[in-house]
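I am opening these notes to record what I looked up in this structure, entry by entry, for someone who has not met it before.

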Amino acid sequence: MKQILVPLILCAFAIGGGAQTAAYTPPQSPRAKMNFDRDWKFIRDDAPGAEAPGFDDSAWATVSTPHTFNDVDSFRQIISHSGGDRGTYKGLSWYRKHFKLPARLAGNRIFLEFEGMRQAGDIFLNGKRVGLYENGVTAYGLDITGGVQFGNEDNVLAVKVDNRTNYQERATGTTFEWNANDFNPDHGGINRHVWLHVTGKIYQTLPLYYGLESSGVYIHAANFNIAAKSAEVTVDSEVRNASGDRATVELSAVVVDRTGQVRARLAGNSVDMVDGEKTVLNASGALKGARFWSSEDPYLYDVYSILKVDGKVVDADQVVTGFRKTGFKGGAGTGGVYLNDRFVYLKGFAQRSSNEWAGLGQAYPDWMHDYQAQMIRDNHANYIRWMHIAPQRVDSDAADRHGIIQICPAGDKERDVTGRQWEQRLEVMRDTMIYYRNSPSILFWEAGNTVVTVEHMQQMVALRKQWDPDGGRVMGARGNDNVELNTATTPIAEFYGVMIGQDARTDALTGPTAMFRGYSAQRRDRAPLIETEDFRDEGARRFWDDFSPPYFGFKKGPNDTWQYTSESFAVAAVKRYRAYWENRISNPDPAHSKWSGYASIYFSDSDADGRQDSSEVCRVSGKVDAVRLPKEIYFTHRVMQNDRPDLHIVGHWSYPVDRKTVKTVYVIANTESVELFVNGKPAGVNSQPVNGFVFAFPDVEFAPGTLKAVGRNGGKPAAREELTTAGPPAQIKLTPTVNPRGFQADGADVALLDVEVVDAKGQRCPTDDDKVDFTVTGPAVWRGGYNSGKVDSTNNLYLNTECGINRVSVRSTQTAGAITVTASRPGLNSAQVKLVSR
């Protein structure tokens with residue numbers, strides 16, 4: 001299928017109520033950004049000659065990007081500590097796209113942007129090689145002005161992708177250290193968005209240093225007056241003159257709020273530019289009545305930077321950003337991270353940047369990234385530390401919108417390196433900074449997931465000062481104490497990240513490469529101390545506790561490291577979280593800094609390295625599983641991270657009636673006391689929680705009916721939860737979750753379906769764990785779900801429930817229509833749901 005592309009017009013609409021002036025409309029200019037995701041032809045194989053325009057790709061599959069070919073073979077084999085390939089395809093594949101550009105775009109500059117691919121790609125346009133993408137991390141830009149055709153002329157873009165983990169950089173024969181499945185799950189393909197940009201001949205460049213060596217627009221603020229709600233905003237815009245003649249170019253900018261109202265007009269300078277010249281122009285001005293970005297109020301503005309030549313607008317670019325004042329302090333008293341003059345305790349999770357889903361891999365629609373971000377905020381977390389490589393653009397943007405503070409790495413593999421591999425790390429850090437430096441939620445650049453040398457940290461800090469000098473961000477690393485030991489009088493790192501740091505002692509460092517275990521008094525006043533990946537243990541969702549069928553606890557295998565049920569996993573997490581907060585609020589030891597934040601490793605289970613070698617198809621350290629169904633530990637973190645009264649009863653209240661069950665009931669609460677009731681009768685009061693949050697009620701005998709917990713502050717009820725015993729399984733229930741804009745027939749959208757086994761009253765049966773069969777009709781691709789303890793469970797038309805529920809997915813095609821999914825099991829009433837893709 002040939003795609004005719006038309007430009008998207010920049011616009012702003014007024015929303016909300018109240019008296020307003022007309023919404024701001026940006027001036028017309030040649031600039032356009034076109035979605036380039038649809039109508040790719042694909043084959044998972046090498047196809048010699050496929051770069052030729054006339055190559056016959058009619059038998060290939062039609063796909064949309066983001067796309068991965070490892071959605072069908074990931075999460076299917078038992079994981080090992082070393083990660084490994086586990087049967088996933090590693091090799092060559094081809095993508096081809098036929099497209100036409102309107103004749104009216106001729107004479108403009110045309111650029112391609114690949115947000116990323118894995119790992120490398122040879123890029124051809126109309127049979128000619130135009131680019132080589134290799135680092136597998138950063139966005140990449142191409143100027144295809146001289147090679148693209150307009151009007152009725154067909155263009156063919158072809159990309160040969162190589163996702164082998166032994167891929168070597170062409171120019172040097174050097175591998176990329178982060179190209180490994182254990183630390184960076186390998187979901188091969190063009191697994192991020194693709195865009196086509198159009199500009200005039202005098203234009204503001206794109207923030208795509210990789211490929212284009214351009215830095216785009218950089219927006220920053222200073223001279224904050226938080227009380228007066230004002231700041232000075234500056235726009236630095238890199239401009240290129242490709243007009244063929246000299247021109248006097250003038251920059252100005254407009255700051256527009258979410259209702260479309262102009263909040264500031266920024267005056268800029270003008271520069272006389274010769275043909276071929278590239279320079280940075282500036283515009284600045286006061287922003288008054290500002291809403292400053294924070295986790296509680298992640299307010300974003302549209303900033304339009306406008307170029308004029310002889311009074312005529314030649315370019316108008318749009319950047320979405322937020323403004324916030326940051327502070328980074330060391331010390332045992334007031335040390336920590338400050339936003340808008342207020343201390344912010346970071347609480348959240350470390351997460352693989354691949355951020356993959358079982359059955360879908362790394363390629364899934366944008367709204368599902370927002371879905372996860374909302375789950376994190378519903379958990380009262382405000383912080384995510386991406387691991388090893390830079391996050392996907394869509395995840396960074398979601399963090400901006402949802403108020404999630406980010407630590408942003410670039411590329412590494414938990415070690416320092418030298419030579420060309422270190423140069424590669426510097427390059428991806430530079431490219432990452434330029435691409436993401438307008439993101440208000442990124443406060444930290446991470447130089448490495450382990451210690452680096454003094455020289456290397458100096459180089460990383462110098463990069464930050466060169467490319468992000470005014471963005472209110474700092475550079476550091478996880479486990480970077482050796483940097484400070486070698487520079488006893490001069491601090492280099494701008495924040496300290498640590499792994500499992502609360503267990504540490506200041507004398508644990510025994511050599512220049514030892515993992516950091518504590519922070520001495522000498523260093524406590526230099527920079528914030530942040531836990532970046534604690535509680536590395538694992539616990540699968542399906543094991544309730546030692547008393548619940550069908551497993552009655554987790555039976556540890558010969559190679560398993562951990563032996564957790566969902567209940568014990570949740571309780572153990574409390575001890576880890578509390579240790580850091582206890583340090584913050586009551587640490588009397590002057591030899592240690594106070595913690596500024598806490599991250600528990602993995603928000604979701606991941607197809608990466610594991611610490612269990614025989615039981616699971618993924619690493620199950622997550623607070624939710626790989627289809628984002630919560631474990632009990634998710635609700636535990638919700639309570640601990642909540643500033644308001646909250647509680648959660650760990651587990652369920654539907655034990656077998658044919659056997660006596662007497663157990664300890666755990667209630668996680670942030671209240672002063674908790675009272676427990678069984679069938680309305682008091683079963684105990686506890687005002688002495690273990691580790692601050694765990695209220696244990698031993699020797700509670702199960703009786704069908706209700707289990708209720710009431711948390712009290714000052715003797716008054718402040719939070720409560722009640723569990724009810726479920727009846728025998730009677731029916732299946734299907735609940736869809738779709739794109740807020742509706743299920744899109746674009747070949748990339750996904751509909752999620754929760755499948756539950758419920759009793760006659762519709763209540764979930766929490767100990768149900770058996771197979772459900774599915775049928776699907778209509779224009780959709782079945783992606784299924786997964787069982788973390790079963791091999792080859794993804795993409796099948798059957799799946800076991802776990803704890804009475806599981807989740808499956810279907811992907812749309814480019815054909816609109818009705819899709820029917822039916823779920824059944826012998827002996828139960830079946831369920832059916834109808835979706836319509838549009």
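**Entry on the cavities.** I began with the largest cavity of this predicted model, which is lined by 16 residues, and I noted Val-137, Thr-138, Ala-139, Tyr-435 and Tyr-436 as those that lie nearest its centre. I then looked up which elements give two or more residues to that lining, and found α1 and α4 (419-436). Of the elements, α4 gives the most, with four residues. Sorting the lining of the largest cavity by class, I wrote down 10 nonpolar, two polar and four charged residues. The volume of the largest cavity comes to about 80 Å³, and the count of cavities of 30 Å³ or more is seven.

**Entry on a pocket.** Next I turned to the second largest pocket, for which I have a volume of about 740 Å³. Its lining is made by 25 residues, and the closest to the centre are Ser-295, Glu-296, Lys-347, Asn-382 and Asp-643. When I asked which elements each supply at least two residues of this lining, I found β23 (342-344) and α7 (566-586). By class, I recorded 10 nonpolar, seven polar and eight charged residues in the lining of the second largest pocket.

**Entry on the barrel.** I followed the eight strands of a closed barrel, which run β24-β25-β26-β27-β28-β29-β30-β31 with parallel pairing. From one strand to the next, the twist in this barrel averages 25 degrees. To see one pairing in detail, I looked at strand β28 (residues 474-478) and strand β29 (residues 495-498), which are joined in the parallel sense over three bridges. At one of the places where I checked partners, Arg-478 has Gly-497 in β29 as its bridge partner.

**Entry on an open sheet.** I also looked up an open sheet of four strands, whose order is β2-β11-β6-β9 and whose pairing is antiparallel. Which strands stand at the edges of this sheet? I found β2 (32-35) and β9 (140-143) there, and because each has a single partner strand, one side of each is left without a neighbour in the sheet. The twist of this open sheet averages 25 degrees from one strand to the next. The partner of β9 is strand β6 (residues 109-114), and the two pair in the antiparallel sense over four bridges. Within that pairing I noted Phe-111, whose bridge partner in β9 is Asp-143.

**Entry on strand β10.** Is strand β10 enclosed by the rest of the structure or left open? Seven of the eight residues of β10 (residues 155-162) are buried, so I wrote the strand down as largely enclosed by the rest of the structure. I then looked for strands joined to β10, and found that strand β5 (residues 92-100) runs antiparallel to β10 and is joined to it by eight bridges. In this pairing His-98 stands opposite Val-156 in β10. Strand β7 (residues 120-125) also runs antiparallel to β10, with six bridges joining the two, and here I noted Phe-124 opposite Ala-158 in β10.

**Entry on aromatic rings.** How many aromatic pairs does the structure hold? I have 44 aromatic pairs on record for the structure, and I looked at two of them. The rings of Tyr-209 and Trp-467 have their centres 5.6 Å apart and their planes at 65 degrees, so I entered this pair as edge-to-face. Tyr-209 lies in helix α1 (residues 209-212) and Trp-467 in helix α5 (residues 454-467), and the pair links distant parts of the chain, 258 residues apart. Trp-467 has 15% relative accessibility, so I counted this residue as buried.

The other pair I looked up is that of Phe-224 and Phe-292, which is also edge-to-face, with 5.5 Å from centre to centre and 65 degrees between the planes. Phe-224 belongs to strand β13 (residues 217-225), while Phe-292 sits in the loop between β18 (278-288) and β19 (301-309), and this pair links distant parts of the chain, 68 residues apart. I noted both Phe-224 and Phe-292 as buried. Last, I recorded one aromatic cluster, which is formed by Phe-36, Trp-40, Phe-42, Phe-69, Tyr-89, Tyr-95 and Phe-99.

Definitions and conventions. Residues are numbered from 1 along each chain as its sequence is written. This is a predicted model: local features need pLDDT of at least 70, side-chain atom pairs count only at pLDDT 80 or more; totals for chains, interfaces and linings use all residues. Side-chain values use heavy atoms; hydrogens and water are left out. On a 1 Å grid over the protein atoms alone, a cavity is a set of points where a 1.4 Å probe fits but cannot get out, and a pocket is an open set with protein on both sides within 12 Å along at least five of seven lines; lining residues have an atom within 4 Å of a point. Grid points are joined across faces, edges and corners, and a volume is the space filled by probe spheres set on the points. Ala, Val, Leu, Ile, Met, Phe, Trp, Tyr, Cys and Pro count as nonpolar, Asp, Glu, Lys and Arg as charged, and the others, Gly among them, as polar. Two strands pair if DSSP finds at least two bridges between them. Axes are lines fitted to C-alpha atoms, for helices over the stretch in contact, and angles run from 0 to 180 degrees between N-to-C directions. Rings of Phe, Tyr and Trp (its six-membered ring) pair if their centres lie within 6.5 Å; planes under 30 degrees apart count as stacked, over 60 as edge-to-face and the rest as tilted. Buried means under 20% relative accessible area, exposed over 50%, partly exposed in between (1.4 Å probe, protein chains only).
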